[in-house]
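Here's a quick briefing to read alongside the model. Have the sequence and the 3D view open as you go.

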Amino acid sequence: MSRTSSARSTSTARPASRARRPAAALAAVLCCAALTATACSSSSSDSADSSGSGKGTHTVDTAMGKVTVPDHPQRVVVLDTAELDSAITLGVKPVGATSAGTSSGFLDYLPKDEVAGIKDVGAIASPNLEAVAALHPDLILSSKVRDGAHYDALRKIAPTVLTETTGAPWKANFQLHAAALGRTAQAAAAVRAYDSHVAQVTAALGGSAKAAATKVSMVRFVEGADIRLYGNASYIGTVLKDVGLARPAAQDVEQLSVDVSPEQIDKADGDALFYATYGDPEAAKETEVTAGPLWKHLTAVAAGRAHRVDDELWYQGIGYTAADKVLDELQQDLTAG
């Protein structure tokens, strides 16, 4: 049942034939889009900046109003995990990013070569403004919920694009990130690849009718908090809905999550169950709950359909690069004999 040994460990590698095919398809389509976008961008910049310097600008609508950004920013700083996923998905390596608190500084599901050399500019929701300024960025990406309080200071450093929040509206947020980065062609390619991958997973599950008859439970043990059952208004909830999977009654709600105590863990029951831990497993009560009789009597657990997953990937990533890997794991675990 267990995929990871701790909340911070990476997920187990997938069989090459299954895991690489969607990723390879995504890479190929993004490469084609990048070539197209490069050709289109040159004429766009030339027309926007008649001096020929290639430093045109455009305006994007953000949570803080209209913001003018460079057509092709070269030194991007991202201040949350979703923004980092967006940049990597779109083929942009930021010069700086906030730390996710992992041993490497960034979420471990991201390709090592894609994050190598990115400077740590502090913690999420409390960036080191001096470190940000020292990188001389020409664009900063974050959200109002994380950095609304820092907005005035950030925009004095560089044009700052904030979405309203993070999580469930990740697809709309991604489109704003792409618009700010001047990467709309690559964004369209990423969306097409994701939609194709979703269709592949749904088909592998036996089609939409069988997917809709499978109730998938999402459980997160959190150090210092109650156990969280994730609802439809969460990042992972939207991915499950895209595949067409059903949810247990307690989680089929239009909110981020429902908090339960260890004694209420029966609300986590479903045909299949995926669980992860943020923080220390013992302090988060994962160890206690999963060793107890209530957990062992859950339908999914008793049937061998409870899967421990990587918290960084399933809950913290929030983006198309993360979603591509989550879809692979969903397909493998839900189709395992």
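With a relative accessible area of 4%, D80 falls under the 20% cut-off, so it counts as buried. Keep in mind that this is a predicted model. D80 is a handy way in, since its side chain meets that of R146 in a salt bridge, 2.7 Å from N to O.

**Salt bridges**

- The D80 and R146 pair ties together distant parts of the chain, 66 residues apart: D80 sits in the loop between β3 (76–78) and α2 (81–89), and R146 sits in helix α5 (residues 144–147).
- R146 has 32% relative accessibility, so it counts as partly exposed, whereas D80 is buried.
- As general background, side chains of opposite charge can pair when their charged atoms come close.
- The structure holds 9 salt bridges, and another of them joins E286 to R308, with the closest N and O atoms 2.7 Å apart.
- That pair also links distant parts of the chain, with E286 in helix α11 (residues 286–290) and R308 in strand β13 (residues 306–308), 22 residues apart.
- Both E286 and R308 are buried.
- K112 and D108 form a salt bridge too, and here the closest N and O atoms are 3.6 Å apart.
- K112 is exposed at 51% relative accessibility, while D108 is buried at 13%.

**The second largest pocket**

- This pocket has a volume of about 580 Å³.
- It is lined by 26 residues, and the closest to its centre are R146, T166, R220, Y315 and I318; R146 is the salt-bridge partner of D80.
- The lining splits into 15 nonpolar, 6 polar and 5 charged residues.
- β9 (216–222), β10 (227–230), α10 (235–243) and α14 (311–316) each give at least two residues to the lining.
- α14 makes the largest contribution to the lining, with 3 residues.

**Helix α10**

- In α10, 7 of the 9 residues are buried, so this helix is largely enclosed by the rest of the structure.
- The buried ones are Y235, I236, G237, T238, V239, L240 and V243.
- Right after α10 comes G244, which has a positive phi, near 95°.

**Nonpolar cores**

- In soluble globular proteins, nonpolar side chains tend to be buried together.
- The largest nonpolar core here has 61 residues, and V161, M218, V239, L245, W314 and L330 have the most contacts inside it.
- Helix α15 (residues 320–335) supplies the largest share of this core, 7 residues.
- A second, separate core has 16 residues, including V219, A268, Y275 and W295.
- Leaving out residues up to four places away in sequence, M218 touches R228, L229, Y230, I236, L240, R247, Q251, F274, W314 and Y315.

**V216 in strand β9**

- V216 lies in strand β9, and at 0% relative accessibility it counts as buried.
- With the residues up to four places away in sequence left out, V216 touches L240, L245, A246, R247, P248, Q251, A272, F274 and L334.
- The C-alpha atoms of V216 and A306 are separated by 9.9 Å, although these residues are 90 apart along the chain.
- L240, one of the residues V216 touches, is also touched by M218 and is among the buried residues of α10.

Definitions and conventions. Residues are numbered from 1 along each chain as its sequence is written. This is a predicted model: local features need pLDDT of at least 70, side-chain atom pairs count only at pLDDT 80 or more; totals for chains, interfaces and linings use all residues. Side-chain values use heavy atoms; hydrogens and water are left out. A nonpolar core is a set of buried Ala, Val, Leu, Ile, Met, Phe, Trp, Tyr and Cys residues joined through side-chain atoms within 4.5 Å. Buried means under 20% relative accessible area, exposed over 50%, partly exposed in between (1.4 Å probe, protein chains only). Helices (H or I, at least four residues) and strands (E, at least two) are DSSP runs, numbered from the N terminus. Contact means heavy atoms within 4.5 Å. On a 1 Å grid over the protein atoms alone, a cavity is a set of points where a 1.4 Å probe fits but cannot get out, and a pocket is an open set with protein on both sides within 12 Å along at least five of seven lines; lining residues have an atom within 4 Å of a point. Grid points are joined across faces, edges and corners, and a volume is the space filled by probe spheres set on the points. Ala, Val, Leu, Ile, Met, Phe, Trp, Tyr, Cys and Pro count as nonpolar, Asp, Glu, Lys and Arg as charged, and the others, Gly among them, as polar. A salt bridge is a side-chain nitrogen of Lys or Arg within 4 Å of a carboxyl oxygen of Asp or Glu.
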